[in-house]
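Open the model in your viewer and switch to a cartoon view with side chains available on demand. We will go from stop to stop, selecting a few residues each time.

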Amino acid sequence: MDPRAKVLLVNIELCTLHLSETTELEKLLSFCLWGDGCAAALVTGEPPGRERPSLHLYPDPDR
């Protein structure tokens, strides 16, 4: 593995794909609780940053 490598981790959740028009109060309230979201993290071996001693990497053996 390359110690200079940088990995961008992206997580996207698209709850609104399942929304449908309704007048039912229970469904409308559940739509208010859930929404789309996204998070990203850049992982490198370079300082400064936070150390994660419990992080385990499982490289792809086919690469």
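A residue counts as buried here when its relative accessible area is under 20%, as exposed when that value is over 50%, and as partly exposed in between. Keep those cut-offs in mind for the tour, and remember throughout that you are looking at a predicted model.

**Stop 1: the whole chain**

Start with everything shown. The secondary structure amounts to one helix and two strands, and along the sequence these follow the pattern β-α-β. How many of the 63 residues count as buried? The share is 2%. Now turn on the surface: about 6,600 Å² of the chain is accessible, and carbon and sulfur atoms account for 57% of that area. If you display contacts between residues at least 6 apart in sequence, 73% of them link residues at least 24 apart.

**Stop 2: strand β1 and its partner**

Select residues 6-13, which form strand β1. Is β1 well covered or hardly covered? It is hardly covered, since zero of its eight residues are buried, that is, under the 20% cut-off. Add residues 37-44 to the selection: this is strand β2, which runs antiparallel to β1 and is joined to it by eight bridges.

For a close look at the pairing, pick N11, whose bridge partner in β2 is A39. Then select V10, also in strand β1. Setting aside residues up to four places away in sequence, V10 touches C38, A39 and A40. Try the distance tool on V10 and A40: their C-alpha atoms are 4.4 Å apart, although 30 residues separate the two in sequence.

While the strands are on screen, a general point is worth recalling: side chains in a regular strand alternate between the two faces of the sheet.

**Stop 3: a nonpolar patch on the surface**

Keep V10 selected and add L8, I12, L14, L17 and L42. Together with V10, these residues make a nonpolar surface patch of about 640 Å². Which element gives the most to the patch? Strand β1 does, with three residues.

Now single out L14, which sits in the loop between β1 and α1, the helix at residues 25-33. L14 is partly exposed because its relative accessible area is 44%, a value between the 20% and 50% cut-offs.

**Stop 4: C15 and the loop across from it**

Move on to C15, in the loop between β1 and α1. Is C15 buried or partly exposed? At 22% relative accessibility, C15 counts as partly exposed, because 22% is not under the 20% cut-off.

What does C15 touch? Leaving out neighbours within four places in sequence, its contacts are W34, G35 and D36. Show the C-alpha atoms here and check two distances. From C15 to G35 it is 5.6 Å, with their positions 20 residues apart along the chain. From C15 to W34 it is 6.6 Å, and these two are 19 residues apart in sequence.

Select W34 by itself next. W34 belongs to the loop between α1 and β2. With a relative accessibility of 59%, W34 counts as exposed, because that value is over 50%.

**Stop 5: T22, E24 and K27**

Finish with T22, another residue of the loop between β1 and α1. Show its side chain, which reaches the backbone nitrogen of E24 at 3.0 Å. Apart from neighbours within four places in sequence, T22 is in contact with K27, L28 and F31.

Now show E24 and K27 together. Their side chains meet in a salt bridge, with an N to O distance of 3.9 Å. How many salt bridges does a search of the whole structure find? It finds one. In general, side chains of opposite charge can pair when their charged atoms come close.

Last, colour this pair by accessibility. E24 has a relative accessible area of 44%, so E24 is partly exposed. K27, at 40%, is partly exposed as well.

Note on methods:
Residues are numbered from 1 along each chain as its sequence is written. This is a predicted model: local features need pLDDT of at least 70, side-chain atom pairs count only at pLDDT 80 or more; totals for chains, interfaces and linings use all residues. Side-chain values use heavy atoms; hydrogens and water are left out. Patches are made of residues with over 30% relative accessible area and no salt bridge: like charges are joined within 9 Å, nonpolar side chains (Val, Leu, Ile, Met, Phe, Trp, Tyr) within 5 Å. Accessible areas come from the Shrake-Rupley method with a 1.4 Å probe; for residues, only the protein chains shown count as cover. A salt bridge is a side-chain nitrogen of Lys or Arg within 4 Å of a carboxyl oxygen of Asp or Glu. Helices (H or I, at least four residues) and strands (E, at least two) are DSSP runs, numbered from the N terminus. Buried means under 20% relative accessible area, exposed over 50%, partly exposed in between (1.4 Å probe, protein chains only). Contact means heavy atoms within 4.5 Å. A polar contact is a pair of N or O atoms within 3.5 Å; within protein, one must be able to donate a hydrogen and the other to accept it, and residues adjacent in sequence count only if both atoms are side-chain atoms. Two strands pair if DSSP finds at least two bridges between them.
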